[in-house]
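User: Please take a close look at a single part of this model and describe its neighbours, its burial and its polar surroundings with care. I would like the cut-off behind each term as you go.

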Amino acid sequence: MIIYRTKDYEAMSRTAAAVMAAQVIADPHSLLGLATGSTPIGLYKNLIAGCAAGDLDFSHITTVNLDEYAGLPGTHDQSYRYFMNTNLFDHVNIDKANTNVPNGQAPDPEAECARYEALLRKLGPADIQLLGMGRNGHIGFNEPGDAFIAPTHVVELTDSTIDANARFFASRDEVPKKALTMGVGAIMRAKRVLVVVSGADKAEAVKAAFAGPITPQVPASILQLHPDVVLVGDEAALAGLAEAGC
Ligand code: GLP
């Protein structure tokens, strides 16, 4: 694992964007695995700037997103489709037909998970998979549990995740209780995994994920088994890892 420790969120965003940009430049036909959450927003801003400057070309890029809330249409301002459009896709020269997010409004969520998993298999492993991390160590919406779940699946969100994401909704009651998420299978098949973390409230999760035992109670800990992980975090988020001597 490569760890880049940065001063703050802005530096973390620039460094992580450089890792992603290197992939886009090296292979303009790349398959990018993308993530939502507040952490990657700065990274996306840097990619948008790179595209505006003419340094990055997304016209042949394909993307697959990690997850989507069940029940929200892509037009809902808290859906992850909406997030991706407004934070990246609307501002770069990507063909939206080549961007993929699970359909949260599918009448049969299980069938939608099967469709998405088949699509992931067809497109092949992501060249790079971007991940944020939940405070409880979740990746995508792979929540702590008794087992790692490999394929795309429907998940019941934990109270911790609902609490953490309530800040984006008018009230906690409006946070969807279920989501569709890529499983750890497709994440682990990615050729490279880029993890971004920022802030002191992630320090314990980062320490548990990368310096603790590999356990489904900390879903991100499975990344210890991946051969090419790049972790980019600011000092606050990496403080726990530093304590553990990493
Ligand atoms: C959500 C997303 C995750 C993301 C996490 C952390 O739960 N499903 O993919 O990593 O939030 O979000 P933030 O970056 O806002 O802390």
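Analyst: Two strands pair if DSSP finds at least two bridges between them, and strands (E, at least two residues) and helices (H or I, at least four) are DSSP runs numbered from the N terminus. The model is predicted, with local features needing pLDDT of at least 70, side-chain atom pairs counting only at pLDDT 80 or more, and totals for chains, interfaces and linings using all residues. Residues are numbered from 1 along each chain as its sequence is written, and side-chain values use heavy atoms, with hydrogens and water left out.

The part chosen here is strand S10, which covers residues 229–234 and contains aspartate 234. Strand S10 has a parallel partner in strand S1 (residues 2–6), the two being joined by 5 bridges, and arginine 5 has glycine 233 of S10 as its bridge partner. Strand S9 (residues 193–197) also pairs with S10 in the parallel sense, again over 5 bridges, and here valine 197 is the residue that stands opposite glycine 233.

As for burial (buried means under 20% relative accessible area, exposed over 50% and partly exposed in between, with a 1.4 Å probe and protein chains only), 6 of the 6 residues of S10 are buried, so the strand is largely enclosed by the rest of the structure. Both of its faces are covered, with Val229, Leu231 and Gly233 buried on one side and Val230, Val232 and Asp234 buried on the other.

Aspartate 234 deserves a separate look. Although buried, aspartate 234 has no salt bridge, a term that requires a side-chain nitrogen of Lys or Arg within 4 Å of a carboxyl oxygen of Asp or Glu. The nearest side chain of opposite charge belongs to arginine 5, 8.8 Å away, where Lys and Arg count as positive, Asp and Glu as negative, and His and the chain ends are not counted. What the side chain of aspartate 234 does make is a polar contact with the side chain of serine 198, at 2.6 Å; such a contact is a pair of N or O atoms within 3.5 Å, of which, within protein, one must be able to donate a hydrogen and the other to accept it, while residues adjacent in sequence count only if both atoms are side-chain atoms. A polar atom of the side chain of aspartate 234 also lies 3.0 Å from the backbone nitrogen of glycine 199. Leaving aside residues up to four places away in sequence, aspartate 234 touches Thr6, Lys7, Asp8, Tyr9, Met12, Val197, Ser198 and Gly199, contact meaning heavy atoms within 4.5 Å.

Two of the residues just listed are charged partners of one another: aspartate 8 and lysine 7 form a salt bridge, their closest N and O atoms being 3.3 Å apart. Aspartate 8 counts as partly exposed because its relative accessibility is 28%, whereas lysine 7, at 63%, counts as exposed.

Beyond the immediate contacts, the whole structure holds 12 salt bridges, and another of them involves aspartate 127 and lysine 191, whose closest N and O atoms are 3.0 Å apart. Lysine 191 lies in the loop between helix H6 (184–189) and S9, and aspartate 127 in the loop between H4 and strand S6 (128–131), so the pair ties together parts that are 64 residues apart in sequence. Aspartate 127 counts as buried, with a relative accessibility of 12%.
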